[in-house]
Amino acid sequence: MKQQVIFLLLLLSFSCSTKEDEIESIEVMTYYYNLNNDQSKLILDCLFYARTEKDGSTEILRQVVPTSQDAIGYEYAVDKKLLDQIEKKVITLKEKNFDVKPKGTEVKLYCGPSIRFRIKYKSKKIFSFNTDENELGNKQKLHVFNTFYKAVTYNAKTKTFNKDQVINIIKRQKEFEKFTIHKDTLRKPFPPMPRKADLIKFTK
């Protein structure tokens, strides 16, 4: 009887931990860092933001043109099988296995945006990494994330969100931007900004 009780408790514990490790949401953002208007600091300029819920429903905001405040809304339904593949992919790996890191003195020329993924779990655990379009398309370990990124980027349909929905999406985006700046500067702090007297000026 005692052994049966222990087995039942272990079974319930495993069931609860499995539910807590389920993905709650997946976010992806493409962005650049630009100088602010008075060129005193670097700011994050988000081009594309998408959040996918555990059921696959996805809300997206995309800038009309870079550095503008105008954005177009989109929606998409991510296949549950793809979400399961992502869950299996990250379950045994660490963030450092995904982050883009130059090797030694390697020099890379890349003019596209940075990309950051963030996966939130029911247990409040967060898995996040940064990459770029070259890495995303060429690294086998990122294949499932590339499939996800292409799906929400190219297959989404335009959607007119109501005022409350827009406010909520922008709130989530801004929080993700703060999170991204924190994670990026942990890896490589921003360089000191030039003094105003050192700024290059062009004259006719």
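**Exercise 1. Determine whether Phe129 and Phe145 are buried or exposed, and classify the pair that their rings form.**

Solution. Phe129 and Phe145 are both buried in this predicted model. The next step concerns the rings. A pair of aromatic rings is described by the distance of the centres and the angle of the planes. For Phe129 and Phe145 the centres lie 5.0 Å apart and the planes stand at 75°. Planes over 60 degrees apart count as edge-to-face, so the pair of Phe129 and Phe145 is edge-to-face. The last step is the position in the chain: Phe129 belongs to strand 6 (residues 126-132) and Phe145 to helix 4, so the pair ties together parts 16 residues apart in sequence.

**Exercise 2. Classify the ring pair of Phe117 and Phe148, and state which elements it links.**

Solution. The structure holds eight aromatic pairs. In the pair of Phe117 and Phe148, the ring centres are 6.3 Å apart and the planes meet at 55°. An angle that is neither under 30 degrees nor over 60 counts as tilted, so this pair is tilted. Phe117 lies in strand 5 (residues 114-121) and Phe148 in helix 4 (residues 143-154), and the pair links these distant parts of the chain, 31 residues apart. Both Phe117 and Phe148 are buried. Finally, ring pairs join Phe117, Phe127, Phe129, Phe145 and Phe148 into a cluster.

**Exercise 3. Describe the largest nonpolar core and identify the element that gives the most to it.**

Solution. This core has 26 residues, and those touching the most other members are Val28, Ile86, Phe117, Ile119, Phe145, Phe148 and Val152. Two or more residues come from each of strand 1 (23-35), strand 2 (42-53), helix 2 (80-90), strand 5, strand 6 and helix 4. Helix 4 gives the most, with five residues. As an example of a core member, consider Val28: leaving out residues up to four places away in sequence, Val28 touches residues including Phe48, Ile115, Phe117, Phe148, Val152 and Phe176. Another core, of ten residues, lies apart from the largest one; among its members are Tyr31, Leu61, Phe161 and Phe176.

**Exercise 4. Establish what is notable about the phi of Lys124, and where in the structure Lys124 is placed.**

Solution. Most residues other than glycine have a negative phi. Lys124, however, has a phi near 80°, a positive value in a residue other than glycine. Lys124 is found in the loop between strand 5 and strand 6. The relative accessible area of Lys124 is 65%; because exposed means over 50%, Lys124 is exposed.

**Exercise 5. Locate Lys157 and list its contacts beyond its neighbours within four places in sequence.**

Solution. Lys157 lies in strand 7 (residues 157-158). With 63% relative accessibility, Lys157 counts as exposed. Beyond the neighbours within four places, the contacts of Lys157 are Gly73, Tyr74 and Glu75. Ile60 is 97 residues away from Lys157 in sequence, yet their C-alpha atoms are 9.5 Å apart in space. Tyr74, one of the contacts of Lys157, also has the charged end of Arg62 over its ring, 5.4 Å from the centre. A second such case is Arg118, which lies over the face of Phe179 at 4.7 Å from the ring centre.

**Exercise 6. Summarise the protein as a whole, giving its elements and its share of buried residues.**

Solution. The protein has five helices and seven strands. Their order from the N terminus is α-β-β-β-β-α-β-β-α-α-β-α. Of its 204 residues, 33% count as buried. The exposed area is about 14,000 Å², of which carbon and sulfur atoms supply 56%.

Notes. Residues numbered from 1 in each chain as written. Predicted model: local features only at pLDDT ≥ 70, side-chain atom pairs only at ≥ 80, totals over all residues. Heavy atoms only, no water. Buried < 20%, exposed > 50% of the residue type's maximum accessible area, 1.4 Å probe, protein only. Areas by Shrake-Rupley, 256 points an atom, 1.4 Å probe, with all protein chains shown as cover. Phe/Tyr/Trp six-rings, centres within 6.5 Å; stacked < 30°, edge-to-face > 60°. Lys NZ or Arg CZ within 6 Å of the ring centre and 35° of its normal. Contact = heavy atoms within 4.5 Å. Core = buried A, V, L, I, M, F, W, Y, C linked by side-chain atoms within 4.5 Å.
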